[in-house]
Structure formats: structure tokens, C-alpha cells
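Here are some exercises to work through with the model open beside you. Try each task yourself before you read its solution.

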Amino acid sequence: MTTLIKNGLVISPQGAIPSDVLIDGEKIVAVLTPGDTSLGTNLSAGADRVIDAAGKYVIPGGVDAHTHMELPFGGTFASDTFDTGTRAAAWGGTTTIIDFAVQKYGERVQDSLAAWHEKAGGNTHIDYSFHQIIGGVDDDSLKAMDELVNEGITSFKLFMAYPGVFYSDDGQIVRAMQSAANNGSMIMMHAENGLAIDVLVSQALAAGNTDPKYHSLTRPWETEAEATNRAIMLARMTGAPLYIVHMSAKQAVQVVQAAKNEALNVFGETCPQYLYLSLEEQLSQPGFEGAKWVCSTPLRSKAEGHQDELWKYLRTNDLSIVSTDHCPFCFKEQKELGLGNFSAIPNGIGSVEHRLDLLYQGVVDGKISLHRWVEICSTTPARMFGLYPQKGVIAPGSDADIVIYDPAGRTEIGFHKTHHMNMDHSAWEGFNIEGHVDTVISRGKIVVDNNEYLGHMGHGKFIKRGLSQYLI
Ligand code: URP
Ligand code: ZN
Ligand code: ZN
């Protein structure tokens, strides 16, 4: 089956070039600029299917490098399965996710990874891979890290937050970093000072401050900046590559910037929620409503100016990637576990289907360029996590993961309008985007076309990843 996408504007980190894209089966086989007759003069005649993309952008499918389907958290589980979550992702133009397999303390890392393969295998609509969370650093898990690298799991998340749950102390972090320095893998860090936060949380609860907004007020920016700095120092000491996940504090990104200026292998990620949502506007809503936006790191104060700085750091590449940290919980019965105690609200927001749109609005608003949009949503995540050039680029030989995006279209986000995630609310209710995902192609198969879903569970494949392609 061959497909020709003609007359579109192909966007890559290098810029925008009018081109026709020829797909054969699951792969892109040619990208032809106007006047290129190397494959003949009438390609349309020979193609089984022709898509006219005149006036539209043709971009590589989104790579969301940070999702949590079915994550066990706070006595419940993230509400999207690999079925519902990857279907929602496809709706929004994401064609690859990297989810987190979770090893809890006392569990074999290999068993936890097998459990994630079991959850995802045969159940996804788009391609997927895994990072591995190491919840208990010890001799066995360090050995397992080496094994996993050979199985295409080349990144390991550690937590400086959540003492007693996922937390690693500095000694454990050093040991895991030494392993990563040795086997070439990437350490991903949840950088918040969990011990300091726990003191502030106990004090807030003792003072009767139980509303959702205290989730942010007990995780001040200093706890993120301090942990980020400590993680970078330990990475510098051990030589490990380091990727700081879900950054929300401008002061923490400043620390990443300083490390990058010294040419260290240190990278930063932020998420749409930190670019658009805030302590004042969402988390502080009356009653328990703010629980919808409890996530960690927390939404921060708009007045403190974090959002503008994060957009700036995206432009300067001090922040390399925007992932969703998709971790959905329903309001009823899940978020409600924290009624009367903000610290019991499951942490997470669902965004997997909105990342491309929300970031495209940044293009419309003049905050990032068109090519930077593609870079931070697709190309860089693919290169950062060893998927490139199979993913993240429109080039001969790459997987035919392609989105046709209409800059003249419109997307009105709302629970009753454009919602496909398995949640009972949208954290993005009322956000309107001046653009629209028209067509989504996953390995040559059209999965979304003109607001119609054509994909199916089982289409997605596990992708073994190589080492990060940014390391020096
Ligand atoms: O609030 C969040 N981020 N939930 C998911 C778990 C994590 O730390 O990434
Ligand atoms: Zn985290
Ligand atoms: Zn996460």
C-alpha cells in the first residue's frame, strides 16, 4: 500500500519546506521538493492513496517521552489504560509514547518491567517504549540496569521526592548514576527535596491548611531548585547523563542552564501544565476543585513569573523537551481521596491528547517558532531517548508516523467536545487552539482522519531504544 501526501509544508527542526511525502507500507520512502522528478512526473497516478495537504503542515508524529498509564499512586491507579491512553494520544497527533515501568522497593526490576510489557503488549494504538523507575537501588537493581540497556530500556527514573515510596537517598542516587555513567544510559530525575517537603506538609496539615492549593505552597520553588542543583552535582561527580523531568520553577531551570553552559550532559523537560496553568488560576479554585490540578512538581505562582521564563527557556533550548507527564485521575473517588487532606490527593494531570495543540498555540502566540514546535514535541524526544531516526523525522527510511496539521483549523478543548482520555473531567476545559490535528498516520496506517477514529488496539508495537543521541 503506497500513500502520497502532496502539496504540504513539511516542518522539521531545519525549517519548513514544501514537499510531497511518499509512504510505502510502514515507512517513508521519499520526500520530494517541487521540481524533483527523480521518481517520475506523475507520482499521484502510481499511488494507492493520495492525500492533498495543501495549506497544511506535515510534521513527524509526536513523541511523548513521559506518560503514566495505570500508574499505581496514592492508593489508586492512573485511570488510563494503555488502550484508552494511547487512543487519546493518537487523537492528538502523538504516535509514540514512552511510559514508565515501576519497580517498587523489594521487587525485582526485571519482574516490574515484565509487568509493564504485560499491561501494554497488544493493547496500544500507537508505538511505545518504556523508561524504568528504580524504586529501590541495591546490588540487584544496579545489575538489572545493565541488563535492561541491552533490552532497549536505556533510561532510569529516580525520585528525590516521596520518602518511603519511590524515594532514593543521595547514596543510592550516586550508585545508580555510577551505573548509568558506565552503561551509557540516562538518569531521569524527579528533582524535589522530599524530606523538606514532608516537614512543610505536616506543618500545614497541623495548622488546618488542607485545601489543594497547599500542595503547591508546601513545595516551594526552593525545594525544586535545591534538588535540581544536588542532582546535577552528583551527575557531574559521577559522569552520568541527567535529564530533569517535569520542571516548573524558573530558578531550577537556571541551574540546568548553568550546567549546559559548562557542556555537561544535563537536560530539562517541562510540561504544558507549567506553561499555561497556575497556583492562582487553577489550584486555588474554591472548595476542592483545585484537586484537578494537583501534580508534582506543582503548578506555580503566575505572579512569580515562572510561565514566561519557561517559554523563554524553551526557545533557548535550556529546556529541551515538552512531555505531558500524563497521569490522569478521575475527580470522583480518585482525586476525592484527598478531601480534607491535600497530601492524599493523587498527583497527576491528564494531557496526552493535547500536547501538540497546546504547544502549537505557543507558535500562534509568538512564543516559539514553527520548527521549534516540531523539535520539542517530536525530534528532540526521539533523539534524547534513542528512537531517532526511526521516529521524530520525516525522511526516507523513517517510520511513517506523520501528522497533517491545519493551521486554519480550530480545536475547542472540553470534556464534552474533544475528550478521549479516561477521566471524568478535563484539566484543559475551555482552552481554544487556533490549529487542528486533521490526519494522523502511525507506521503507514491512518488512525485519525477528519475527526474520525480509524485506529485500533493492537496496532502499536514495543520499540527497543538505543542510547541517547545527545551525549558527548
Ligand atoms: O504528579 C505527577 N507528576 N504524577 C506522576 C508521577 C511523577 O512524579 O511523574
Ligand atoms: Zn516525577
Ligand atoms: Zn511523571
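**Warm-up: a loop and its cis bond**

Thr-297 sits in the loop that runs between helix H11 (279–283) and helix H12 (306–315). Helices (H or I, at least four residues) and strands (E, at least two) are DSSP runs, numbered from the N terminus.

Before you go on, here's the small print. This is a predicted model, where local features need pLDDT of at least 70 and side-chain atom pairs count only at pLDDT 80 or more, while totals for chains, interfaces and linings use all residues. Residues are numbered from 1 along each chain as its sequence is written, chains are lettered from A and ligands numbered from 1 in the order in which they are written, and side-chain values use heavy atoms, with hydrogens and water left out.

**Exercise 1. Find the cis peptide bonds.**

Task: Work out where the peptide bond from Ser-296 to Thr-297 and the one from Tyr-388 to Pro-389 fall in the chain.

Solution:
- Step 1. Start with the bond from Ser-296 to Thr-297: this one is cis, with omega near 0°.
- Step 2. Now take the bond from Tyr-388 to Pro-389, which is cis too, with omega near 5°.
- Step 3. Place Pro-389: look in the loop between helix H14 (370–384) and strand S16 (402–406).

**Exercise 2. Describe the zinc site.**

Task: Which atoms coordinate the zinc ion (ligand 2), and how are its donor residues spaced in sequence?

Solution:
- Step 1. List the donors, meaning N, O and S atoms within 2.8 Å of the metal (3.2 Å for Na, K and Ca); water is not among the atoms, so sites may look incomplete.
- Step 2. For the zinc ion (ligand 2) you should get Lys-157 (NZ), His-190 (ND1) and His-246 (NE2), at 2.1 Å.
- Step 3. Write their spacing as a pattern: K-x32-H-x55-H.
- Step 4. See where two of the donors come from: Lys-157 belongs to strand S11 (residues 155–159) and His-190 to strand S12 (residues 186–190), so this pair, 33 residues apart, links distant parts of the chain.
- Step 5. Look for the zinc ion (ligand 3), and you'll find that 4.0 Å separate it from the zinc ion (ligand 2).
- Step 6. Check burial, where buried means under 20% relative accessible area, exposed over 50%, and partly exposed in between (1.4 Å probe, protein chains only). Lys-157 counts as buried because its relative accessibility is 2%, and His-190 is buried as well, at 1%.

**Exercise 3. Look around ligand 1.**

Task: Which residues come nearest to ligand 1, and how much of its area does the protein bury?

Solution:
- Step 1. Collect the residues around the ligand, using a heavy atom within 4 Å as the test. There are 13 around ligand 1, and Lys-157, His-190, Ser-296, Asp-325 and Asn-347 come nearest.
- Step 2. Look for polar contacts (pairs of N or O atoms within 3.5 Å; within protein, one must be able to donate a hydrogen and the other to accept it, and residues adjacent in sequence count only if both atoms are side-chain atoms).
- Step 3. An N or O atom in the side chain of Asp-325 is 2.6 Å from a nitrogen atom of ligand 1. A polar side-chain atom of His-190 lies 3.0 Å from one of the ligand's oxygen atoms. For His-68, an N or O atom of the side chain is 3.1 Å from an oxygen atom of ligand 1.
- Step 4. Taken alone, ligand 1 exposes 270 Å², and the protein buries 100% of that. Accessible areas come from the Shrake-Rupley method with a 1.4 Å probe; for residues, only the protein chains shown count as cover.

**Exercise 4. Compare two positive phi angles.**

Task: Are Ala-263 and Arg-443 buried or partly exposed?

Solution:
- Step 1. Ala-263 has phi near 65°, a positive value in a residue other than glycine; its loop runs between helix H9 (250–261) and strand S14 (266–270).
- Step 2. With a relative accessible area of 48%, Ala-263 is partly exposed.
- Step 3. Arg-443, also not a glycine, has a positive phi near 45° and sits in the loop between strand S19 (436–442) and strand S20 (445–449).
- Step 4. Arg-443 has a relative accessible area of 6%, so this residue is buried.
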